[in-house]
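Hello,

I am passing this structure on to you. Please look through it alongside the notes underneath.

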Amino acid sequence: MSNHPRGPLCLVLHSHLPWVAHHGRWPVGEEWLHQAWAQSYAPLVEMLARLADRGHDQVLTLGVTPVLAAALDDPYCIAEHHRWLADWMLRADDLAAEADPTLRRHGRYESAQARRALDRFDSWGAGGSPLWRGLADAGVVEVLGGPATHPVLPLVSDPVAHLALGAGLDDHTRRLGRRPAGLWLPECAYAPGLEHLLSQHAVGHLMLDGPSLRHVGASTDEAWSLGDSDVAVVGRDLDVTYRVWSPRRGYPGGRWYRDFHTYHHTSGFKTSRVTGASVPPEAKAPYDPDAASAAIQADVDDFVDTLLRRFASIEDETGRDGLVVAGYDTELFGHWWHEGVQWLETLVHRLADTPG
């Protein structure tokens, strides 16, 4: 949670992949894990460590499902990920030797990215849990727990929900050294009565989607009690969240950012930028990292302006400071949106420097 003179912004990231070890590699299977690990989880940890070194705390709230935590701690997955990173570097070096100057330039860019990822991976030798735990102990993040296997709790029987939640919270405690106070509900799915199960397992707080709260007359700008329990619930502010998340107008679709869906047909690398929503893959322009970095600055400015307008609106309507909750899948940052982790870090610094 980033404190701001006009009110707190709570950034919530949810990290979740199914168990893919020994389930094949391309195009999904283990490849899915390695891409998200190299492009989202590891850069995010590195970014949070930099922010901690610069004196930032309470940067964001991070959900890590038990299934993903197990994969990131698994010796087989760790060894395979190291091989995957080395293969990334070798493929990039091959692209850097192409005759086409644009491909050579992108090959050098990918090679630098791969080598940085290999250097970064040195800290992951014992798995992900020691890294999450270190950030939590330093007060940089709060790590949320979750039920084992990530079931949608309202759709399973009470005994199964009880077992899944208890096992998931126990697993979190064993890996991170503390029992989580907060929970990411799978798919943010809630049904009346679930609060009793959550209270039984000492869950203190969670997030729901904004429409779920507004449906019962509650706003998203403050915390509420869930039913007749002591479980606190906040709602995701979709107007602010969708500045990033919107499939039509979200920042990741900006023309200067790297296009996720267009691949160079021989190397498998993404060498194009978005260019435009209606531009076919073969007509997309080459990716330019410097132009993308400039776009990040503009989009951070826009997000902060949107946030300040939202805080002002809450104050006008209620006469008090409000809370804004923005929630996303972690994998959006870095994996789906190549520049997303850089955008997050820029945002944290900008909020720290923005007057009320």
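The notes below cover the nonpolar cores, one helix and one glutamate.

This is a predicted model, in which local features need pLDDT of at least 70 and side-chain atom pairs count only at pLDDT 80 or more, while totals for chains, interfaces and linings use all residues. Residues are numbered from 1 along each chain as its sequence is written, and side-chain values use heavy atoms, with hydrogens and water left out.

The largest nonpolar core (buried Ala, Val, Leu, Ile, Met, Phe, Trp, Tyr and Cys residues joined through side-chain atoms within 4.5 Å) has 75 residues, of which Trp37, Leu48, Trp124, Phe333 and Trp343 touch the most other members. Its largest share, 11 residues, comes from H1. Buried means under 20% relative accessible area (1.4 Å probe, protein chains only). A second, separate core of 17 residues includes Leu183, Leu208, Ala218 and Val233.

Helix H5 spans residues 129–137, with Ser129, Leu131, Trp132, Leu135 and Ala136 buried. These residues lie on the same side of H5, because they cover an arc of only 165 degrees around the axis. They pack against helices H1, H2 and H6 and strands S2 and S3. Helices (H or I, at least four residues) and strands (E, at least two) are DSSP runs, numbered from the N terminus. Just after H5, Gly139 has a positive phi of about 80 degrees.

Glu331 sits in the loop between strand S8 and helix H11. Glu331 is buried but has no salt bridge (a side-chain nitrogen of Lys or Arg within 4 Å of a carboxyl oxygen of Asp or Glu). The nearest side chain of opposite charge, Arg236, is 11 Å away.

Regards

Key. Buried < 20%, exposed > 50% of the residue type's maximum accessible area, 1.4 Å probe, protein only. Arc of directions from axis to C-beta. Contact = heavy atoms within 4.5 Å. Lys, Arg positive; Asp, Glu negative; His and termini not counted.
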